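Here's a quick briefing to read alongside the structure. Have a look at it first, then work through the notes below.

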Amino acid sequence: MTLTTTEITSPGMTLNMGPQHPSTHGVLRLVVELDGEIIQSCRPVIGYLHRGLEKMMEARPYRHNVPFTDRLDYLASLNSNLAIAQAIERIGNVTVPERGQYLRVLLCEINRLASHLVFLGTFATDLGATTVFLYSFRERERILDLLEAMTGARLTYNWIRAGGVPTDLPEGFGERLTAFLDEFQFALDEYDRLLTGNRIFRARCEGIGVISREMAVAYGASGPVARGSGIAYDIRKVAPYDVYDRMEFDVPVYTEGDCMARYRVRVEEMRQSARIIRQCLREMPEGETMAKLPKIFKPPPGEAYSRTESPRGELSCYLSSDGSMNPTRVHFRAPSFFHLGLLPAMLPGVKVADVIAILGSLDTVLGEVDR
Amino acid sequence: MSMQRLHPRSASQAREILIGVVIAALILAALSATPLLPWHLLDPIRAYFYERPLLNNLAKAVLLVSFMAVQCLFLIWMERKFAGWLQARLGPMHVGWKGVLQTFADAIKLLLKEDIIPALADKPMFRLAPYLVFVPAMLTLMVLPFSPNLVGFDYHLGALFALSISTTGALGILAAGWGANNKYSVLGGMRAVAQLLSYEIPMILIVLCVVTLKNTMSLTQIVERQAGLWNIVAHPLLMIPGALIFFSCALAEVYRAPFDLPEAESELVSGFHTEYSGMRFAIFYIAEFANNVFTAGFAAILFFGGWHGPVLPPIAWFTLKTLLLIFLMMWVRWTLPRLRIDQMMSFCWKLLVPASLILFCLTALSVVW
């Protein structure tokens with residue numbers, strides 16, 4: 001008697017994750033081919049949030065373009081402001097007063113804290129630990145209160161402008177900020193212990209979504225994603241801007257390249273940001289905060305390129321001028337866009353649940369991807 | 001601000017929660033304290049029912065189901081309050097005292113909602129599925145002894161009946177997942193069945209341990225034979241690991257975090273009930289909480305002496321133990337992240353199944369000795 005075996009094959013399932021899905025962090029659509037729960041292939045579809053911001057900027061004077069950048073990376077709009085402000089200053093040869101530079105660093109790092117707190121909360125929620133989300137948002141709320149006192153806004157600040165920062169710190173800001181940081185460091189340690197010490201959390205993160213060093217370089221990863229893959233690359237150290245060269249801070253690097261490494265990089269970065277903020281408060285000189293720019297700002301013909309370290313990675317801005325009032329071309333190098341490009345290479349072979357963990361660990365913001 | 005006041009680090013939160021549970025139990029105790037109320041006035045009615053067994057059973061069933069429905073509404077409120085406290089917020093506050101009527105308002109809202117069936121759904125299956133989940137959840141409560149006299153059906157194979165009936169709920173979940181014609185629902189349904197069937201095995205083995213120790217399958221008898229010493233105290237070496245394994249399995253059986261994969265919100269939107277709305281959704285929800293009550297009550301019966309306890313009447317003790325176990329489940333749910341499906345399976349097959357088998361062998365040996 002012979003036994004014949006026939007292999008049973010069933011067609012895979014195509015699953016559209018997003019654009020309306022609780023964990024795609026905005027309006028990302030992932031077309032994934034599934035075999036059971038295992039991903040066969042993945043195709044990210046972007047563009048649901050495209051507003052043509054870069055084109056709109058061409059029709060406006062340079063300084064009027066800063067508010068648009070608030071809508072790029074809406075979790076860290078001050079960092080986006082900085083990218084275009086620096087490009088405008090470079091193209092127009094403007095020097096920012098020292099106090100303005102300190103204030104910029106201060107504001108950017110506060111915003112980095114807020115952005116990483118959102119990461120902490122959403123990443124934990126993606127993995128099912130919903131409570132951490134509310135804890136981290138509570139801390140973020142206090143940061144937003146501080147930023148509101150400073151800028152008057154809670155999300156779209158528009159406060160780092162070409163030439164510096166429009167106003168000085170409000171009264172009592174330093175004390176409030178220091179008081180917050182004292183409590184925040186304690187709270188951060190606690191949340192870190194809550195997650196890092198949790199076996200389920202580790203099982204869901206360690207060895208998941210590994211990006212090798214070579215892969216990170218090849219795909220243009222930057223920021224915490226690159227630093228989680230063992231690349232000690234931080235624009236604040238490599239090409240310091242403003243007063244970052246006077247700041248003492250470490251660049252956390254982990255070599256594992258998995259979700260856990262990226263998570264740890266961000267948690268450590270929050271501690272370093274707190275360090276930078278304290279130094280800024282301590283060392284900030286008195287003086288002007290904003291350089292005087294002419295009423296009609298016409299930079300000489302040419303190009304400028306600024307590089308900044310946003311919470312998501314290397315955020316750069318390219319400007320070209322023909323000598324008129326408006327730029328002829330504006331372009332942003334958005335780190336999230338490059339990180340999304342990693343997904344088709346990372347996802348095949350992992351489970352549906354890991355897709356969410358990996359996507360969460362990349363911490364993309366779709367406003368920045370689609371522009 | 002209130003956010004500041006409700007800091008999770010303060011120990012007063014935990015105390016507040018415990019006090020809440022104790023107060024709830026005391027209220028129940030007061031209600032059931034027989035001598036204080038003129039219960040004898042009900043005697044003619046009782047006699048009337050005792051003479052008509054069919055009517056008597058029907059009345060029991062109606063009482064049980066309505067009691068469960070109300071208790072579920074209360075539990076949903078309790079869960080939302082606990083979640084709020086653990087998350088440094090207040091939870092429902094507006095409808096009634098401290099939001100206690102919130103779930104009633106929600107239930108009314110769900111009842112009034114438009115009944116939507118997706119166009120491409122398998123309609124009979126889609127309609128049937130909630131009841132396939134709801135009915136077993138209620139049936140399991142039938143054999144649960146709330147007190148020496150208060151038991152729907154004192155079946156001599158109660159443990160077996162409860163276990164077998166509770167498993168059939170998976171059928172309804174699979175039907176819901178398949179019938180909705182939604183990919184997330186199918187994934188949720190598949191996960192639910194795989195999970196339930198796997199975790200059933202260690203659970204049954206642990207129940208078998210208790211059955212072997214107490215030499216009976218009747219839940220009432222199991223409780224009666226724990227008079228004086230609860231199982232967990234009488235046989236600590238066997239029953240403490242047993243209770244831990246049972247609790248892990250119970251979490252998986254009722255799809256609670258860290259085993260809430262069938263309805264994993266961040267992955268599968270809402271899993272098998274993604275397409276359900278209105279009353280059908282509410283029925284799933286009530287069934288889920290009825291399952292919670294059942295597993296917690298079952299654990300209380302198996303390990304913590306059921307209705308036995310000093311001073312308070314039996315029903316109060318049983319309710320207190322059940323509520324504490326449910327509270328434990330909620331605490332776990334709002335603290336831990338979710339496991340992945342393969343991790344969950346390997347946890348069951350590589351750890352819980354061998355451990356419960358060994359435990360069962362040891363129990364058998366200890367009985368023979």
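Start with a shaky stretch of this predicted model: over residues 1-10 of chain B, pLDDT (the predictor's confidence in each residue, from 0 to 100) stays under 50. For those residues the model has 10 contacts beyond four places in sequence, a contact being two residues whose C-beta atoms, placed from the backbone, lie within 7 Å. Because this is a predicted model, local features need pLDDT of at least 70 and side-chain atom pairs count only at pLDDT 80 or more, while totals for chains, interfaces and linings use all residues. Residues are numbered from 1 along each chain as its sequence is written, and chains are lettered from A and ligands numbered from 1 in the order in which they are written.

**Confidence**
- Chain B has a mean pLDDT of 80, with 89% of its residues at 70 or more.
- Among the elements of chain B, helix α1 (residues 2-5) has the lowest mean pLDDT, 43, and helix α15 (residues 341-368) the highest, 88.
- For the model, ipTM comes out at 0.75 and pTM at 0.82.

**Chain A overall**
- Chain A has 14 helices and six strands; these are DSSP runs numbered from the N terminus, helices being H or I with at least four residues and strands E with at least two.
- Its radius of gyration is 22 Å, close to the 21 Å from the globule rule for 371 residues, so chain A is as compact as a globular protein of that length. That radius is taken over C-alpha atoms, and the rule is 2.2 Å times the number of residues to the power 0.38.
- Buried residues account for 51% of the 371 residues in chain A, where buried means that 20 or more other C-beta atoms, placed from the backbone, lie within 10 Å of the residue's own.

**A hairpin in chain A**
- Strands β4 (residues 302-310) and β5 (residues 313-321) of chain A run antiparallel, joined by nine bridges; strands pair if DSSP finds at least two bridges between them.
- Two residues make the hairpin connection from β4(A) to β5(A).
- Across the pair, Tyr305(A) sits opposite Tyr318(A).

**Helix α11 of chain B**
- The end C-alpha atoms of α11(B) (residues 236-253) are 24 Å apart, which agrees with the 26 Å expected for 18 residues at 1.5 Å a residue, counting one less than the number of residues.
- Its buried residues include Leu238(B), Phe246(B) and Glu253(B).
- The buried residues of α11(B) pack against several helices of chain B, among them α7 (158-179), α8 (183-214) and α15.
- Tyr255(B), which follows α11(B), has a positive phi near 55°.

Definitions and conventions: A residue is buried if 20 or more other C-beta atoms lie within 10 Å of its own, exposed if 12 or fewer, and partly exposed in between; C-beta atoms are placed from the backbone.
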